[in-house]
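Visitor: Please take one part of this model and look at it closely. After that, set it in the context of the rest of the chain.

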Amino acid sequence: MFAGPISKSSLRTIPQASLDNLEVLYATKGDGFSANKLLANVLWNDTIQSLNRANFPTDQLLDYLPPWSAPWIYKAREWDPTWRMICNNTPETILYNVEAYGNYTFYDPVNAFPAYRETYNPSWFDLSRYRMQADFNSWQIVTDEIPFKEALFFILFQSDPKVNDRMYANNETLQISLSVLHVRGFKVTNFSDTGQGAVTRWEPIGPVQNATFSRTECNITRKEIVKDENAIPWIWTNDTYSITMSYQQYYMYSLETAASKGLVVETPTPKDLLRFYQVYMASVNTINSTPTLREVSVWRDMVQLSVALLVAIIVLAMVTIWLGIRYFIFVRRHGPKLEEACIPDGKIEWMVHAARLSAIRSDEEMTKGKKPKDRDHFCSASFGYGNLGMRRNSSSAILETTRFARVHTRGTSISISDPPPSSPYSPKASVSTTVSAQRSSGFNPRRDSEQGDSGAGSSSVDSGLARKPGVIVKSESDEFPVSPPDRNPKSSVTEQGTQLPGISSISEVRLPSDRAACSEVGPKTPADICIAREFP
């Protein structure tokens, strides 16, 4: 019953990092400067979640990609990145008095919103050094006066890969600027144009209800020495268009889901922008990779045991062992005496003993007309024999005063753990008897006694419980007492008799079937009784 609460309070599970061999994908050159990957939202999302769970930093690019399904964790000693990033982040910032003039399309948001352009360092507009790329997601309601409710513009500035053929060498420092502009509530020109490619002709115009942006600007540097130039991430790509398009594809679902339900559309943070850039580059650079085993730290659930419970278990185990040793020593030393004394040991023996007590007291129960409770059996039970030489299987056993008592409530209470294995009595006879013993000295059938007349009106009943009591036998057909001769001149009791401790009366005696209706019994029979047989 208490196993559940004990286990809950004494045990706890904690994660612990340990090394394990995982199949990882190493970065390779692959298609080099022309490589790209689009429409891989599931892969990107799983990889982002995996990096977040592993607490992977945003200051480096991945040389290999662990499986997203494994509970791996980032350990700095296990990573020696080829490319490191030093970034300057600008958290979400509100833009005031933003207005568009209808001169630039959605694919040139920097010039379409002059207030946003002012947030950049002018050096980024040097087209001889940098390239600009942009893409967007939007949600609009065509029937409203201000149709465009939400729009996310993803803007990338990076070192031009064609300058000095840097996209072929893949070894110079790369400068990038990743930014997202979140605009709410604005109009566009040519909105009625529904032809093919109409989105390329839409131009924001008029005031903007609300605008915010976030940005990260990074210098990505490569370490000087690498083992294999073709086994490192290839970040100098000429396909910058695919980078901004991948941002648009990844954030399209979250924008449309929130905007269609009237919920707040979140602006991606600088960390979100960097994390996706890491994942995109890892997905592009592992396209041609094959899984390879590598030792990576992973989380393992470890079960901890309470110190207090551990101490308690040790103490209980020691006590149990000590008591067990004492028990076996005691049984080995006193086994024969315990067997002779017939003391119940264990649940089964106690159950058997209770059944025997119930059988012995059946006559008393019938006379009183009620069934005794279990405690009544044990209140009148005691165990052991004064004469250890007597065996419980002996048919001539003599009940004497108790020497050992495990349950003992009254000095006169006594019971028998075993009846004689075989009794010479079978049919019923109506017998009324009174047996008494001298309480001052205790009942002892071996004592020589000359009291009373041993030959007048006495009957001897040997049932395994007592010897030489004065018995008055009444048959259903006879109304006179029958007295058997006294076979033991050394012991006799009066015809009135005395009360035997623990036995009030004997209401029936079973006789052998061949002697049930005899008229005279010889002196050598165990019970010298002449009795009329009962017939139904």
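**One residue and its surroundings**

Guide: Leaving aside its neighbours within four places in sequence, S159 is in contact with R129, Y130, R166, L174, Q175 and W236. This is a predicted model, and that applies to everything that follows. S159 belongs to strand 6, which spans residues 148-159. Its relative accessibility is 3%, so S159 counts as buried; the cut-off for that class is under 20%.

One of the contacts of S159 is Y130, and residue 130 is where strand 5 (residues 130-140) begins. Strand 5 and strand 6 run antiparallel and are joined by 11 bridges. One pair in this ladder is W139 with E150, the latter in strand 6. In general terms, strands of a sheet pair through backbone hydrogen bonds, in either the parallel or the antiparallel sense. Of the 11 residues of strand 5, 8 are buried, so this strand is largely enclosed by the rest of the structure.

Another contact of S159 is R166, and residue 166 opens helix 5 (166-169). The loop between strand 6 and helix 5 holds N164. N164 is not a glycine, yet its phi is positive, at about 60 degrees. Its relative accessibility of 65% puts N164 in the exposed class, for which the cut-off is over 50%. S159, by contrast, is buried at 3%.

A second loop residue has a backbone of this kind. L39 is also not a glycine and has a positive phi, of about 55 degrees. It sits in the loop between strand 1 and helix 2. At 69% relative accessibility, L39 counts as exposed. The two elements that flank this loop can be taken in turn.

On one side is strand 1 (residues 11-26). This strand lies in an open sheet of 3 strands, with the order 2-1-11 and antiparallel pairing. Strand 2 (64-65) and strand 11 (292-305) are at the edges; each has a single partner strand, so one side of each is left without a neighbour in the sheet. Between strand 1 and strand 11 there are 14 bridges, and the two run antiparallel. Two pairs show the register: N21 stands opposite E295 in strand 11, and E23 has L293 of strand 11 as its bridge partner. Strand 1 pairs with strand 2 over 2 bridges, again in the antiparallel sense. There, Y26 stands opposite Y64 of strand 2. As background for reading such a sheet, side chains in a regular strand alternate between the two faces. Helix 1 (residues 3-10) lies across strand 1 and strand 11 and runs at about 60 degrees to strand 1.

On the other side of the loop is helix 2 (residues 41-54), which packs with helix 6 (residues 240-260). The angle between them is about 80 degrees and their axes are 10 Å apart. That angle makes helix 2 roughly perpendicular to helix 6. From helix 2, the contact is made by N41, W44, N45 and I48; from helix 6, by S246, Q249 and Y250. By class, the residues of this contact are 3 nonpolar, 4 polar and no charged.

N41 is a residue of helix 2. Apart from neighbours within four places in sequence, N41 is in contact with Q249 and Y250. N41 and Q249 are 208 residues apart along the chain, while their C-alpha atoms are separated by 7.4 Å. At 28% relative accessibility, N41 counts as partly exposed.

Some values for the whole chain complete the account. The chain has 11 helices and 13 strands. Of its 536 residues, 38% are buried, and S159 belongs to that class. Taking contacts between residues at least 6 apart in sequence, 76% join residues at least 24 apart. The accessible surface of the chain comes to about 30,300 Å², and 54% of that belongs to carbon and sulfur atoms.

To return to the starting point: S159 is a buried residue of strand 6, and its contacts include Y130 and R166.

Key: Residues numbered from 1 in each chain as written. Predicted model: local features only at pLDDT ≥ 70, side-chain atom pairs only at ≥ 80, totals over all residues. Heavy atoms only, no water. Pairing = 2+ DSSP bridges. Helix = DSSP H or I, 4+ residues; strand = E, 2+ residues; numbered from the N terminus. Contact = heavy atoms within 4.5 Å. Axes fitted to C-alpha atoms, helices over the stretch in contact; angles between N-to-C directions. Parallel < 35°, antiparallel > 145°, perpendicular 65-115°, else oblique. Nonpolar A, V, L, I, M, F, W, Y, C, P; charged D, E, K, R; others polar. Buried < 20%, exposed > 50% of the residue type's maximum accessible area, 1.4 Å probe, protein only. Areas by Shrake-Rupley, 256 points an atom, 1.4 Å probe, with all protein chains shown as cover.
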